[in-house]
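Trainee: I should like to go through this model and learn how each descriptive label is justified. May we begin with the charged pairs?

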Amino acid sequence: MSYPPDGGIFEGDMVTLECKVDGDSKIWSYFWFKDSKQDESHINHSQYRISSVSISDSGDYSCYIVMTSDPVEQHSSKPFTLQVLERPRAVISLGQEWSEVHAGETAVLRCSISGSYPMQSFGWYKDEHTSPVHQSEDKNWTILSALESHTGHYSCQGRSRENPSYSKKSSPVKLKVQVTRPRTVLSLQRLHTEVFEGDTITLSCVVEDSSPGWSFYWYKDILDKPEHKSQSSSYIVSPANLSHTGQYWCQAARGQKPFYLNPSQPISLIVLELFHRISLTVLPLGPVWEGETLTLHCTVQLNTPAHTPELQYTYIKDGRVLRSRPEDRHSVPAVRLKDSGKYLCGVEAQGKGIQAMSSVVEVNVTERPKPRVTQEPAWEKLYYGEPVTLRCLLSQHFHSVEYLWFRGDLRSPVFHTTEHSVNGNSLQISSVVLSDQGQYLCLVHRGRPTQYSQPSDPFLLNVSVDPSKATLRLHPDWTVLFPAESVTMGCRLGGDSSRRQYSWYRVTAGGTESVQCQWENGKNCQVTFRDESHSGLYWCEAQSGQERSKSVHFRVLDRRLVLQTAPQPLTEGQTLTLQCRVRNESSQQIVGYMFYKDNETLKHTGNITTIGPVKKRDKGLYRCRVTYTGGSGDKSQPVLISIRGERSDHVNVGMESVVQVLSRSLQCFVSFFVGTVFFCFSTEK
């Protein structure tokens, strides 16, 4: 007897049992038995078919065959046990806690199959429909945006490519879609909308239909992004502060893909402050030097209560209370390094229990700084007449500092003169002479009473006794130029001007850089001064780096009129030639030129004036003026002309008084930088 297919037989399946005699074509009579009882409905049929089995069809089946020939032949099969399994039942459920959803909300129906039978697809039935209204491979049917038409009773059924090939239909479940969305109502659990700092604020959000599953979003001032999300319908703010002032909304939402109700109407909340502002000011500003007095000033701005409360100030360093007192200032005299730290002040309104703190101010106590002196340009030696700038630099920034310069030691201050310009942290020497050689120091001071830094290490300014072996020649030899003008520079060392031996450099506001040359005859370097940024010092060097020429200072002026001069400074006995030049693009007709020295008119011929041989009295500020047809005119910028002696070895202190005290050989001088204080020292031991 042939057996049914593997995988089990389930209620409703069609089962066919077949009785065969292997290799025999004789005609037999067939008899079927179930549980040893003959089933007369299937006599003389080789197949026993049940179109829709039930549990009651389970049992032991066998067949019996007979041939009525002579002799009579008969055979009986072994019994076949047919076990009919109960077909798994589908169970439908809602994928959310609530049976009622709102129009536009996501609804989920879930189909589960009893037992561990895998199903490859699911059919979904609604109300009296015999055909599925939806089919899916997923056991969940997600209705992304429910409509009122989705209201109804739903059942489901699973299907599989294996036994069991399908499940029983589930019992129905009801899904109801509400067209009208419920309102969300926000309330403040307080009689008034104005609260003070430190109060507790409780906001309550209610969904009017009392349906479950809602989460709550809380918004402040704008509806773009919630301030807070909670499962609770209450939002507690405690303690209240000024930042909690504003408009508040709440909004309810539920579901894995949130379905939002409309936001509530807003509630305006005002939090009033007692202390308007508290700030801690620390003096001096920035890093504090050892030995200075540190002053802490706690300032408070109050609102306008009926009366001003008594205030108690507390000063705190690194979490430790320094002092609590009714005064708004606290001083720490002669601070030390250990006084560095984080400071703040707190204020309490006595009798009110209202406290507020300032922001933290970090105080950094450092050792008294030691400045250092640098030289620009940083040449090892200077040649007579070159300009140089010494700078007094600190390793970090300090507020309200002033600078002092000294020559040799702290008993010899450097004063501001025409040749020695003291400006901020710089000491500028317009044209060095041999007497400028020596050691320079600087000192920094600030505050009242005055506090001084450590003196810098001495810096040696080296002025060469011998002239430069490399010679720089200019054509034309003007040093005040218009933008885009060119000057040809020639460099010679020992009479050799070969191009291969020299490099060309300049120092401008942008720093030291190489000069790009346009070579003439393979020797001379033609330099084009593009704009005012090309103003600065220019020189040449032998490529071995051992020798450089004396530098020349060029000024590029983007103006209609300039006063041109030869390289500075001049030496007594030389001739000074000044030329007043108008820019080529000027289309106005020139009717006259005027030259001035310190506002005195000079004799001139055309646009050139010549003074010679010059003496020291000829130094000063020179300028020129040009007059056009119609009476208009232009003035040049002033040019400082320096005249130095051939070998000037003295320092001109200008307006400062130098008093020679003959008795006991005492020398005293007035210092401009510490009020009217006299520094005196003896030339005797």
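**Labels and their grounds**

Mentor: Glu386 has a relative accessibility of 0% and counts as buried, where buried means under 20% relative accessible area, exposed over 50% and partly exposed in between, with a 1.4 Å probe and protein chains only. Please note that this is a predicted model, in which local features need pLDDT of at least 70 and side-chain atom pairs count only at pLDDT 80 or more, while totals for chains, interfaces and linings use all residues. Residues are numbered from 1 along each chain as its sequence is written, and side-chain values use heavy atoms, with hydrogens and water left out.

Trainee: What makes the pair of Arg548 and Glu386 a salt bridge?

Mentor: The closest N and O atoms of Arg548 and Glu386 are 2.9 Å apart, and a salt bridge is a side-chain nitrogen of Lys or Arg within 4 Å of a carboxyl oxygen of Asp or Glu. The pair therefore meets the definition. Arg548 lies in the loop between strand E52 (536-542) and strand E53 (552-556), and Glu386 in the loop between strand E37 (372-376) and strand E38 (388-393), so parts 162 residues apart in sequence are tied together. Strands (E, at least two residues) and helices (H or I, at least four) are DSSP runs, numbered from the N terminus.

Trainee: Why is Arg548 called buried?

Mentor: Its relative accessibility is 8%, and the limit is under 20%, so Arg548 is buried.

Trainee: Why are Arg183 and Glu208 placed in separate exposure classes?

Mentor: Arg183, at 51%, passes the limit of over 50% and therefore counts as exposed. Glu208, at 43%, falls in between and so counts as partly exposed. The side chains of these two residues meet in a salt bridge at 2.8 Å, N to O.

Trainee: How do you know that Lys126 is buried and Asp127 partly exposed?

Mentor: Lys126 has a relative accessible area of 15%, which is under 20%, so Lys126 is buried. Asp127, at 40%, lies between the two limits and is therefore partly exposed. Their side chains form a salt bridge at 3.3 Å, N to O, and the structure holds 23 salt bridges.

Trainee: What makes E46 and E49 edge strands?

Mentor: The open sheet has 5 strands in the order E46-E53-E52-E48-E49, with mixed pairing. Strand E46 (480-481) and strand E49 (511-514) each have a single partner strand, so one side of each is left without a neighbour in the sheet.

Trainee: How do you know that E48 and E52 pair?

Mentor: Two strands pair if DSSP finds at least two bridges between them. Strand E48 (residues 502-508) is joined to E52 by 6 bridges, so the criterion is met. The two strands run antiparallel, and Ser503 stands opposite Glu541 in E52.

Trainee: Why is Ser167 called buried, and what does its side chain reach?

Mentor: At 0% relative accessibility, Ser167 is under the 20% limit and so counts as buried. Its side chain reaches the backbone nitrogen of Gly158 at 2.8 Å. Ser167 lies in the loop between strand E16 (152-159) and E17.

Trainee: What makes the phi of Asp318 noteworthy, and why is Asp318 called partly exposed?

Mentor: Asp318 has a positive phi of about 50° although it is not a glycine. Its relative accessible area is 48%, between the two limits, so Asp318 is partly exposed.

Terms used. A polar contact is a pair of N or O atoms within 3.5 Å; within protein, one must be able to donate a hydrogen and the other to accept it, and residues adjacent in sequence count only if both atoms are side-chain atoms.
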